[in-house]
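Biologist: Before I rely on any label attached to this model, I would like to hear the reasoning behind it. Could you take the terms one at a time and set each value against its cut-off?

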Amino acid sequence: MIFVNLPVSDVQASTAFYEALGAKKNAVFSNETSSSMVISDSITVMLLSHERWHDFTPKQIPDAKTSAQVLLCLSMDSPEACDAAVANAEKAGGTADPTPKQDHGFMYGRSYEDPDGHIWEVMWMDMAAMQKAMAAQV
């Protein structure tokens, strides 16, 4: 399992954003300073108020709208699912395509920013076509 911890300026607004994308709030691990958002059986995003974040690290919180420390990427079932994820994020208050769209035939990717500027990439890959393309380069 992976737990992604994100500092957010407004826990309730961020919770609503991630719920609009299909994440389920785990009330057992949520309160007024944090929300545990279940993306899948193996991925949970912890949305932490800035105050709660500082319980874990004294490091400064970068402004994700002007700098990037990580790009988070989720695998999707199809290019259409990537497009739908970006459309849902934009409808919920996110920003569509802060990074360049990618279409390499065997791989397709797009991205969105959450309200705090954290970048989520969504990608689809045809593994058989990718392996064929890679073998042709050798």
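Modeller: Let us begin with the cysteines, keeping in mind that this is a predicted model.

Biologist: How do you know that the sulfur of Cys 73 is too far from the closest cysteine sulfur for a bond?

Modeller: The closest cysteine sulfur to that of Cys 73 belongs to Cys 82 and lies 8.4 Å away, whereas a disulfide requires the two sulfur atoms to be within 2.5 Å, so the pair does not qualify. A search of the whole structure accordingly finds zero disulfides.

Biologist: What makes Cys 73 partly exposed, and is Cys 82 buried or exposed?

Modeller: Cys 73 has a relative accessible area of 43%, which falls between the limits of 20% and 50% and is therefore called partly exposed. Cys 82, at 0% relative accessibility, is under 20% and so counts as buried.

Biologist: Why is Ser 34 called buried, and which residues does it touch?

Modeller: Ser 34, which is found in strand 3 (residues 34-40), has 5% relative accessibility, and because this is under 20% it counts as buried. Leaving aside residues up to four places away in sequence, Ser 34 touches Val 11, Phe 29, Leu 47 and Leu 48.

Biologist: Why is strand 9 described as largely enclosed by the rest of the structure?

Modeller: Strand 9 covers residues 119-125, and six of its seven residues are buried, so the description follows from that count.

Biologist: What makes strand 5 and strand 8 partners of strand 9?

Modeller: Pairing requires at least two bridges. Strand 5 (residues 72-75) runs parallel to strand 9 and is joined to it by four bridges, while strand 8 (residues 107-113) pairs with strand 9 in the antiparallel sense over seven bridges, so both pairs satisfy the requirement. Met 123 in strand 9 stands opposite Ser 75 and also opposite Gly 109. Strand 8 and strand 9 form a hairpin with five residues between them, and Gly 117 in the turn has a positive phi of about 95 degrees.

Biologist: How do the residues lining the second largest pocket divide by character, and which of them lie nearest its centre?

Modeller: The lining of the second largest pocket divides into 11 nonpolar residues, two polar and no charged. This pocket holds about 210 Å³ of space and is lined by 13 residues, with Leu 21, Gly 22, Ile 39, Leu 74 and Tyr 112 nearest its centre. Strand 3, helix 3 (79-91) and strand 9 are the elements that give two or more residues to that lining.

Note on methods. Residues numbered from 1 in each chain as written. Predicted model: local features only at pLDDT ≥ 70, side-chain atom pairs only at ≥ 80, totals over all residues. Heavy atoms only, no water. Buried < 20%, exposed > 50% of the residue type's maximum accessible area, 1.4 Å probe, protein only. Contact = heavy atoms within 4.5 Å. 1 Å grid on protein atoms, 1.4 Å probe; cavity = no way out; pocket = protein on both sides within 12 Å on 5 of 7 lines; lining within 4 Å. Points joined across faces, edges and corners; volume = space filled by probe spheres on them. Nonpolar A, V, L, I, M, F, W, Y, C, P; charged D, E, K, R; others polar.
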